[in-house]
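Good morning, and thank you for making time for this presentation. Please take a moment with the sequence and the structure before I go through them.

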Amino acid sequence: MAGETTKTVILDNSGIRRALTRISHEILEKNKGLSDVVLVGIQSGGAYLAREISLCMEIIEGERVPVGSIDITLYRDDIKQHAPHKSVGKTDISFSLEGKRVVLVDDVLFTGRTIRAALDALMDHGRPCCIQLAVLIDRGHRELPIRADFVGRNVPTSLKENVEVTFDDKQQPFEVVLEK
C-alpha cells in the first residue's frame, strides 16, 4: 500500500558479530598488529561498535586496544539547522592521539558529512599518524570524497530508504534494518 513502511533485517545479531570479527581481523592485518592502534567511535552507534571491535581484537591478540568516543555535534555543517534541537554529547578520549593509528568507527556511512565532522573533531585532539575508517554498513550516496577502509557490509540503497542499526539495552548491536 502507498505510504506503508516495510522493514527488512539485513544483518541479525550473528551477522553483526561476524562482520565485526572480520573488521577486527582486517584492522590487525592492515596495521600489522596493535602497535599504536587506537579506536575512536562516533557517538553513539559508532562508540558502541568501537567497544565491540576492541573486545574482538583482545580475543584475537590477547591485549586491549585503547577505545575512545567522540561527539561531532558542534562540528556538523548543518548545525544551524539543528542547533535548537541537538544537544551536545560527550567526547571521551583519555589517551593521546599523537602519532597513533586512529581507527574511526561509525555504524552507517551515507553522505560522508558525519565523517568529515569527526575528522575535524579528531584533529582538535591531536595529530595522529593516520586515520582509518571502519563502518558496519556502507550505503553509498557520498556527497564528499570519503571512503571506508573497513566495511562490514555494502548495502546499496535509494535516497528514500533508511538504514538503522539497533542496539539492545546493554548497548550491544542487535540488528541492522532497511526501511523502505
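Of the 180 residues in this protein, buried residues make up 45%. I should say at once that the model is predicted. With 180 residues, a compact globule would have a radius of gyration near 16 Å, and the protein agrees with that, at 16 Å. The C-alpha trace spans about 55 × 40 × 30 Å along its principal axes.

The secondary structure consists of four helices and eight strands. Along the sequence, they follow the pattern β-α-β-α-β-α-β-α-β-β-β-β. Among contacts between residues at least 6 apart in sequence, 70% join residues at least 24 apart.

Let me turn to the interior. In soluble globular proteins, nonpolar side chains tend to be buried together. Here the largest nonpolar core has 28 residues, and Ile27, Leu136 and Val176 have the most contacts inside it. Two or more residues come from each of several elements, including strand E1 (7–11), helix H1 (13–30), helix H2 (45–61), strand E5 (130–138) and strand E8 (173–179). Helix H1 gives the most, with six residues. Isoleucine 27 shows how this core is put together: leaving out residues up to four places away in sequence, isoleucine 27 touches Val37, Ile53, Met57, Val103, Ala134 and Phe150. Apart from this core lies another, of 21 residues, with Phe95, Ile115, Ala118 and Ile146 among them.

Helix H4, residues 113–123, deserves a closer look. Its buried residues are Ile115, Ala117, Ala118, Ala121 and Leu122. Seen down the axis of H4, these buried residues fall within an arc of 160°, so they line one face of the helix. That face packs against E2, strand E3 (67–70), E4 and E5.

Now to a charged residue in the interior. Aspartate 107 is placed in strand E4. What is the nearest side chain of opposite charge to aspartate 107? It is arginine 76, which is 10 Å away; aspartate 107 is buried and has no salt bridge. The contacts of aspartate 107, apart from neighbours within four places in sequence, are Gly45, Gly46, Leu49, Val135, Leu136, Ile137 and Val165. Leu136 appears in that list, and Leu136 is also one of the residues with the most contacts inside the largest nonpolar core.

Elsewhere, charged side chains do pair: the structure holds 11 salt bridges. I shall present three of them.

In one, the side chains of lysine 30 and aspartate 149 meet at 3.4 Å, N to O. Lysine 30 lies in helix H1 and aspartate 149 in the loop between E5 and strand E6 (150–154), so the pair ties together parts that are 119 residues apart in sequence. Lysine 30 is partly exposed, at 44% relative accessibility, and aspartate 149 is partly exposed at 26%. Lys30 and Asp149 also belong to a network of salt bridges with Arg147.

Another salt bridge joins lysine 100 and aspartate 36, at 3.5 Å, N to O. Lysine 100 is in the loop between helix H3 (79–82) and E4, and aspartate 36 is in the loop between H1 and E2, 64 residues apart. Lysine 100 has a relative accessible area of 24% and is partly exposed; aspartate 36, at 39%, also counts as partly exposed.

The remaining pair on my list is arginine 113 and aspartate 77, whose closest N and O atoms are 2.3 Å apart. Arginine 113 lies in helix H4 and aspartate 77 in the loop between E3 and H3, so this pair connects parts that are 36 residues apart in sequence. Arginine 113 is partly exposed, at 32% relative accessibility, and aspartate 77 is partly exposed at 43%.

I close with the backbone. Most residues other than glycine have a negative phi, and most peptide bonds are trans. Against that background, which residues does a cis peptide bond join in this model? They are glutamine 43 and serine 44, with omega at about 0°. Serine 44 lies in the loop between E2 and H2.

Lysine 32, which is not a glycine, has a positive phi of about 55°. Lysine 32 is found in the loop between H1 and E2 and counts as exposed, at 75% relative accessibility. Glutamine 171 likewise has a positive phi, near 65°. Glutamine 171 lies in the loop between E7 and E8 and is partly exposed, at 35% relative accessibility.

Thank you for your attention.

Definitions and conventions. Residues are numbered from 1 along each chain as its sequence is written. This is a predicted model: local features need pLDDT of at least 70, side-chain atom pairs count only at pLDDT 80 or more; totals for chains, interfaces and linings use all residues. Side-chain values use heavy atoms; hydrogens and water are left out. A nonpolar core is a set of buried Ala, Val, Leu, Ile, Met, Phe, Trp, Tyr and Cys residues joined through side-chain atoms within 4.5 Å. Buried means under 20% relative accessible area, exposed over 50%, partly exposed in between (1.4 Å probe, protein chains only). Contact means heavy atoms within 4.5 Å. The arc is that of the directions from the helix axis to the C-beta atoms. Lys and Arg count as positive and Asp and Glu as negative; His and the chain ends are not counted. A salt bridge is a side-chain nitrogen of Lys or Arg within 4 Å of a carboxyl oxygen of Asp or Glu. The radius of gyration is taken over C-alpha atoms; the globule rule is 2.2 Å times the number of residues to the power 0.38.
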